Amino acid sequence: MPRRTRAHQPRTQRRKTVQHGNGRHRSNDFRCAGCRLDVPIAAPGSAHRNHCPNCLVSLHLDRRTPGDRASECRGRMEALALTARRDGEWMLIHRCRSCADLSINRIAGDDNALVLLRLAVAPLRDPGLARRALAADPR
């Protein structure tokens with residue numbers, strides 16, 4: 001490649017109109033902090049998607065109510081366990097890796113069934129897992 005003889009003059013950056021799938025813009029999805037998958041905000045079975053359906057990783061965004069986005073932590077939340085409500089609905093228990101806060105979230109209809117089942121049977125494989133996970137300092 002030949003060398004440039006004149007001084008490099010920076011060009012103005014052109015406006016980019018990037019759309020992601022089906023004409024949607026980036027504001028209609030988010031990138032997972034765990035597996036880097038582009039995840040749509042719309043979730044079957046829930047009004048506020050708060051975790052990746054592939055790896056179940058979430059971000060610590062909400063403080064008290066789903067969708068309030070009032071948390072100042074913004075840490076990565078790992079799926080710790082599953083629990084079930086009286087009506088049989090499964091709920092994910094997430095723990096923040098930064099501040100060790102726990103939160104309970106509804107599973108969505110498109111969550112990875114294999115990952116959910118692995119999480120459900122983990123205490124059967126290792127009975128002391130839950131005790132160690134709750135007692136461990138995430139920092």
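In helix α1 of this predicted model, the buried positions are L116, L119 and A122. The helix covers residues 113-125, and its 13 residues, at 1.5 Å a residue, should span 18 Å; the C-alpha atoms at its ends are 18 Å apart, so the expected span and the modelled one agree. Helix α1 nevertheless bends by about 25° at L119, and a proline, P123, follows within four residues. At the N-terminal end, α1 is capped by N112, a side-chain oxygen of which lies 3.1 Å from the backbone nitrogen of L114.

Two of the buried helix residues, L116 and L119, also belong to the largest nonpolar core, which is made up of 6 residues and is completed by L56, L82, L92 and I107. When residues up to four places away in sequence are not counted, L116 touches L56, L82, L92 and I107, and in addition W90 and D111.

The chain as a whole contains 2 helices and 6 strands, and from the N terminus on, its elements run β-β-β-β-β-β-α-α. Of the 139 residues in the chain, 24% are buried, while the accessible surface comes to about 10,400 Å², with 51% of that area belonging to carbon and sulfur atoms. Among contacts between residues at least 6 apart in sequence, 33% join residues that are at least 24 apart.

Two polar residues located in strands were examined individually. N105 lies in strand β6, which comprises residues 102-106, and because its relative accessibility is 12%, under the 20% limit, N105 counts as buried. The side chain of N105 is joined to that of N50 by a polar contact of 2.8 Å. With neighbours within four places in sequence left aside, N105 is in contact with N50, M91, L92 and H94; of these partners, L92 is also a member of the largest nonpolar core.

D38, by contrast, is placed in strand β2, which comprises residues 38-40, and its relative accessible area of 32% falls between the limits of 20% and 50%, so that D38 is classed as partly exposed. The side chain of D38 forms a polar contact of 3.0 Å with the side chain of R31. Along the chain, D38 and N28 are 10 residues apart, and their C-alpha atoms are separated by 9.9 Å.

Terms used:
Residues are numbered from 1 along each chain as its sequence is written. This is a predicted model: local features need pLDDT of at least 70, side-chain atom pairs count only at pLDDT 80 or more; totals for chains, interfaces and linings use all residues. Side-chain values use heavy atoms; hydrogens and water are left out. A nonpolar core is a set of buried Ala, Val, Leu, Ile, Met, Phe, Trp, Tyr and Cys residues joined through side-chain atoms within 4.5 Å. Buried means under 20% relative accessible area, exposed over 50%, partly exposed in between (1.4 Å probe, protein chains only). Contact means heavy atoms within 4.5 Å. The expected span of a helix is 1.5 Å times one less than its number of residues. The bend at a residue is the angle between axes fitted to the seven residues ending there and the seven starting there. A polar contact is a pair of N or O atoms within 3.5 Å; within protein, one must be able to donate a hydrogen and the other to accept it, and residues adjacent in sequence count only if both atoms are side-chain atoms. Accessible areas come from the Shrake-Rupley method with a 1.4 Å probe; for residues, only the protein chains shown count as cover.
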